Amino acid sequence: MSVTKYDEGRLMQVLVAPIVSEKATQAAEQSNAVLFKVLQDATKPEIKAAVELLFKVQVKGVSVLNQKGKTKRFGKTVGRRDHVRKAYVTLAEGQELNFGGEA
């Protein structure tokens with residue numbers, strides 16, 4: 001099995017932000033998955049490599065979904081929120097990510 005080498009600068013930009021919500025917390029408890037907002041053109045292998053590089057954990061799998069932006073009214077004008085690409089990163093057994101900042 002060949003290991004693909006990625007540009008480290010690109011990997012630092014792939015993960016935009018962690019998503020902390022009720023649904024994300026439930027996914028973390030049930031399937032040891034962490035939710036991230038990622039770049040629109042990020043691939044599953046890139047996301048896996050980025051999480052392993054930044055957080056020093058072993059990733060079991062990555063699932064990605066594209067969420068379309070909602071159409072909303074802002075006073076008289078009609079606008080649209082940005083499209084979001086989310087990644088469910090399933091961690092290997094015994095691995096854990098803590099966003100609380102506690103040691």
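**Salt bridges, a nonpolar patch and the contacts of K37**

D41 and R10 form a salt bridge in which the closest N and O atoms are 3.4 Å apart. This pair connects distant parts of the chain, as R10 belongs to helix α1 (residues 8-14) and D41 to the loop between β2 (33-38) and α3 (44-55), with the two positions 31 residues apart in numbering. The structure described here is a predicted model.

R10 also forms a salt bridge with E46, and here the closest N and O atoms are 3.1 Å apart. Again, distant parts of the chain are linked: R10 lies in helix α1 and E46 in helix α3, 36 residues apart. E46 has a relative accessible area of 11% and is therefore classed as buried, the limit for that class being under 20%. Salt bridges with shared partners join R10, D41 and E46 into one network. R10 has a relative accessibility of 22%, so this residue counts as partly exposed, a class that covers values between the 20% bound for buried and the 50% bound for exposed. In total, the count of salt bridges comes to two.

Helix α1 also holds M12. Together with L54 and F55, M12 makes a nonpolar surface patch of about 240 Å². The relative accessibility of M12 is 44%, and M12 therefore counts as partly exposed. This value also satisfies the requirement of over 30% relative accessible area for residues that make up a patch.

K37 is located in strand β2. With a relative accessibility of 35%, K37 is assigned to the partly exposed class because that value falls between the bounds for buried and exposed. When residues up to four places away in sequence are left out, K37 touches V14, L15, V16, A17, I19, V84 and R85. One of these contacts, V16, is 21 residues from K37 along the chain, and the C-alpha atoms of K37 and V16 are separated by 5.4 Å.

Technical notes:
Residues are numbered from 1 along each chain as its sequence is written. This is a predicted model: local features need pLDDT of at least 70, side-chain atom pairs count only at pLDDT 80 or more; totals for chains, interfaces and linings use all residues. Side-chain values use heavy atoms; hydrogens and water are left out. A salt bridge is a side-chain nitrogen of Lys or Arg within 4 Å of a carboxyl oxygen of Asp or Glu. Helices (H or I, at least four residues) and strands (E, at least two) are DSSP runs, numbered from the N terminus. Buried means under 20% relative accessible area, exposed over 50%, partly exposed in between (1.4 Å probe, protein chains only). Patches are made of residues with over 30% relative accessible area and no salt bridge: like charges are joined within 9 Å, nonpolar side chains (Val, Leu, Ile, Met, Phe, Trp, Tyr) within 5 Å. Accessible areas come from the Shrake-Rupley method with a 1.4 Å probe; for residues, only the protein chains shown count as cover. Contact means heavy atoms within 4.5 Å.
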